[in-house]
Amino acid sequence: MRNNIPTAALSEFVNEVADAPEEGLMSYGLELDWESGTRSRAQTKPMLIGPHRVSRSFTWKADEPRQLMGNNHGPNPQELLLSGLGSCMMVAFVAGATAEAIQLESVKIDFDGTLDLRGFMGLGTNSTVGFPEINYTIHVTGDATAEQFEDLHRKSVAHSPNAQTIVNPVALTGEIICTQIEG
Amino acid sequence: MSKTPVMGDPNSVSPNSTRDGWINKLDRKRAEGPFFDGHRVRNQGFSTQAVHAGTHDDPRTGAVGTPIYQASTFILGEDQYGSVEGGFARDRFIYSRYGNPSQWAVQEKLATLEGAESAIVFSSGMAAITASVLALVDKGAHVVAASDLYGGTFNLFNQEFPSLGMSATLVDSYDLEAIEAAIQPNTQMLYFEVITNPVLKVVDIPALVEIAKRHQIRLVVDSTFAPPPVMRPLELGVDLVIHSASKYLNGHSDLIAGVAAGPRKLVDQIWPRLLNYGGSLDPHACFLLERGLKTLPIRMRAHEESATALAKYLETHPAVDRVLYPMLPSHPDHARAKQLMKMGTGNVTFFVKGGDMAALKLMNHLRLPKQATSLGGVESLISLPFNSSQATMTSRQRAAIGIDPGCVRLSVGIEDASDLIADFEQAFTAISTKEMTDA
């Protein structure tokens with residue numbers, strides 16, 4: 001056990017997937033229900049880890065601050081996006097450190113991002129709708145050199161699914177199923 | 001260069017560091033075990049496996065047979081510290097709750113007999129069941145299990161599961177449609193007993209394997225009533241097999257133990273639950289279990305021989321209404337028993353004419369079988385569900401799971417069939433004479 005990750009089990013899993021690629025296929029799902037105003041409730045669906053289904057009993061809420069017509073009952077979608085990005089980068093960083101036998105004492109990732117709501121509002125400007133840029137700083141304490149940590153940083157971002165989803169174009173496909181009610 | 005011999009599984013070594021690459025460079029692969037080196041018995045006959053697999057002679061004295069390693073803790077060196085750091089402490093000796101050579105010897109024997117990559121022994125069958133089930137389910141999980149489960153397992157699903165925010169649906173183990181209909185999006189496991197107690201239903205394990213695979217969930221079975229000479233559930237596609245080793249596996253009614261056996265991947269997930277819940281098996285009990293297992297195949301043959309003779313005798317006796325023995329054509333699951341069971345066992349259930357009171361009288365007149373719960377011992381054991389295992393149920397509830405009045409649960413030991421038959425004969429005579437005298 002290093003950094004509370006069993007290196008042997010990590011190694012065994014990597015080698016298992018190398019031999020049986022289907023064991024490395026993860027299927028996730030999430031359901032979102034509109035609750036009221038800008039507030040919605042997210043609930044995880046059962047997940048597939050390789051060929052096996054796993055119960056995922058987690059729910060949370062998202063809302064907008066009052067200034068954005070919400071009630072401030074939860075983190076907002078941009079904060080949740082950064083949270084999903086950062087926690088994925090964290091997993092990659094810690095797993096990579098463990099595999100490299102680096103002992104960590106603390107890791108903090110500090111995120112900042114600014115977006116221009118004129119994109120959302122459709123006000124005719126050249127501003128992007130989403131974040132044009134996301135900035136972060138990793139604060140790390142551990143037994144590696146600055147050079148080793150920088151190398152680990154580069155590799156962990158390169159192998160983080162969420163980081164790579166954000167920096168690369170992703171096909172977003174959807175449909176809508178409608179029920180019209182009597183006015 | 002001379003190297004200190006590894007105290008543990010020498011095939012298990014630390015993964016390399018990946019400073020020059022990513023985690024795809026990690027080189028440790030999963031392997032069966034943990035086993036000692038040098039005494040694998042895999043491709044030989046069942047009795048040879050029972051005697052030799054896992055068992056090792058004392059390297060210092062040449063004493064034949066695995067020594068009893070009655071130690072709580074082990075001297076630590078660089079290799080042991082490295083195993084903790086590298087996350088493979090299960091493959092070294094550190095502390096007996098984590099692992100002990102006496103446990104390893106019997107675990108290797110059990111893994112070999114079950115055709116499993118890995119096995120863990122526990123301080124009871126229930127310790128094996130709770131650690132295994134809770135290792136394979138997650139927050140909010142649901143389990144589909146048999147409605148006539150062993151009481152202890154029923155209590156896990158009925159009493160403990162709701163406290164843990166988990167749930168179970170209990171279904172008739174014959175009703176494949178109902179089993180499938182009970183599967184929910186959060187279902188993670190099917191949990192069944194391969195032969196049920198006390199009516200000895202032979203469950204359609206291949207059909208359950210197919211349902212579990214189709215729904216991408218795990219199938220865990222309790223095979224206490226069908227030890228390896230009778231059935232090897234892992235060969236049928238089951239994910240994990242559990243036993244109360246207090247029964248046939250040990251066979252001498254002198255210890256309480258349990259075992260879980262299966263792929264190394266799953267058993268390694270159970271091991272941390274052994275550590276956290278603490279149901280480790282004492283080295284002396286391991287020695288007894290290892291010794292008992294050496295005679296498992298010949299004991300099973302003796303159980304089968306005496307039970308078959310006694311079941312046939314009971315079937316022809318006028319005071320007996322019905323006999324349930326899977327290897328007799330009269331058993332409702334006889335065809336499936338012939339397909340799934342390589343041999344019979346010592347369990348015979350029968351129904352005495354005249355109901356529970358007549359059964360009680362018969363039992364009180366028997367001299368050889370001991371009135372006691374449990375099964376699978378060398379001595380015959382007899383009990384009545386109505387006043388023991390199913391005493392908390394009403395007669396109507398008992399009838400719903402096939403326990404009609406007069407039901408007798410008999411575990412035939414390895415005594416001579418002629419002596420058992422003679423004993424039953426005198427007991428039947430005594431109760432019929434007594435009835436005539438009473439009248």
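Start by selecting B:Ser102, B:Gln103, B:Ala105, B:Val106 and B:Lys109 in helix H3 of chain B, then add B:Pro283, B:Cys286, B:Phe287, B:Leu289, B:Glu290 and B:Leu293 in helix H9 of chain B: these two sets meet. Contact here means that the C-beta atoms of two residues, placed from the backbone, lie within 7 Å. By class, this contact between H3(B) and H9(B) has seven nonpolar, two polar and two charged residues. For those classes, Ala, Val, Leu, Ile, Met, Phe, Trp, Tyr, Cys and Pro count as nonpolar, Asp, Glu, Lys and Arg as charged, and the others, Gly among them, as polar.

A word on what is on your screen: this is a predicted model, in which local features need pLDDT of at least 70 and side-chain atom pairs count only at pLDDT 80 or more, while totals for chains, interfaces and linings use all residues. Residues are numbered from 1 along each chain as its sequence is written, and chains are lettered from A and ligands numbered from 1 in the order in which they are written.

**Stop 1: the H3(B) and H9(B) pair**

Now show both helices in full, residues 101-114 for H3(B) and residues 283-294 for H9(B). Helices (H or I, at least four residues) and strands (E, at least two) are DSSP runs, numbered from the N terminus. The two axes lie 8 Å apart and make an angle of about 30°, which makes H3(B) roughly parallel to H9(B). Axes are lines fitted to C-alpha atoms, for helices over the stretch in contact, and angles run from 0 to 180 degrees between N-to-C directions. Angles under 35 degrees count as roughly parallel, over 145 as roughly antiparallel, 65 to 115 as roughly perpendicular and the rest as oblique. Look at the hand as well: H3(B) passes H9(B) in a left-handed crossing. A crossing is left-handed if the near helix is turned anticlockwise from the far one by less than a right angle, and right-handed if clockwise.

**Stop 2: the H4(B) and H5(B) pair**

Next, select residues 125-135 and 151-163 of chain B, which are helices H4 and H5. Their axes come within 10 Å and cross at roughly 35°, and H4(B) passes H5(B) in a right-handed crossing. To see the contact, pick B:Met126, B:Ile129, B:Thr130 and B:Val133 on H4(B), with B:Gly152, B:Thr153 and B:Leu156 on H5(B). The classes here are four nonpolar, three polar and no charged residues.

**Stop 3: two cis prolines in chain B**

Go to B:Gly33 and B:Pro34, where the peptide bond is cis, with omega near 0°. B:Pro34 sits in the segment before helix H1 (46-52) of chain B. Then move to B:Asn197 and B:Pro198, whose peptide bond is also cis, again with omega near 0°. You will find B:Pro198 in the loop between strand E4 (187-193) and helix H7 (205-214) of chain B.

**Stop 4: all of chain B**

Zoom out to take in 14 helices and 12 strands. The C-alpha atoms fill a box of roughly 90 × 55 × 35 Å along the principal axes. The radius of gyration (over C-alpha atoms) is 23 Å, which agrees with the value near 22 Å for a compact globule of 439 residues; the globule rule is 2.2 Å times the number of residues to the power 0.38. Of the 439 residues, 50% count as buried. Buried means 20 or more other C-beta atoms within 10 Å of the residue's own, exposed means 12 or fewer, and partly exposed is in between, with C-beta atoms placed from the backbone. Among contacts in chain B with a separation of 6 or more, 72% join residues 24 or more positions apart.

**Stop 5: where the chains touch**

Bring both chains into view: 29 residues from chain B and 27 residues from chain A take part in the contact. The chain B side has 10 nonpolar, nine polar and 10 charged residues.

**Stop 6: chain A**

Finally, colour chain A by secondary structure to show its five helices and eight strands, in the order α-β-β-β-β-β-β-α-β-α-β-α-α from the N terminus. Chain A has a radius of gyration of 20 Å, whereas a compact globule of 183 residues would have one near 16 Å. Its C-alpha atoms fill a box of roughly 65 × 40 × 30 Å along the principal axes, and buried residues make up 16% of the 183.

Two asparagines close the tour. A:Asn3, in the segment before helix H1 (7-19) of chain A, has a positive phi of about 55° although it is not a glycine. A:Asn3 counts as partly exposed, with 16 C-beta neighbours inside 10 Å. A:Asn72, in the loop between strand E6 (59-62) and helix H2 (77-99) of chain A, has a positive phi of about 60°. A:Asn72 is partly exposed, with 14 other C-beta atoms within 10 Å.
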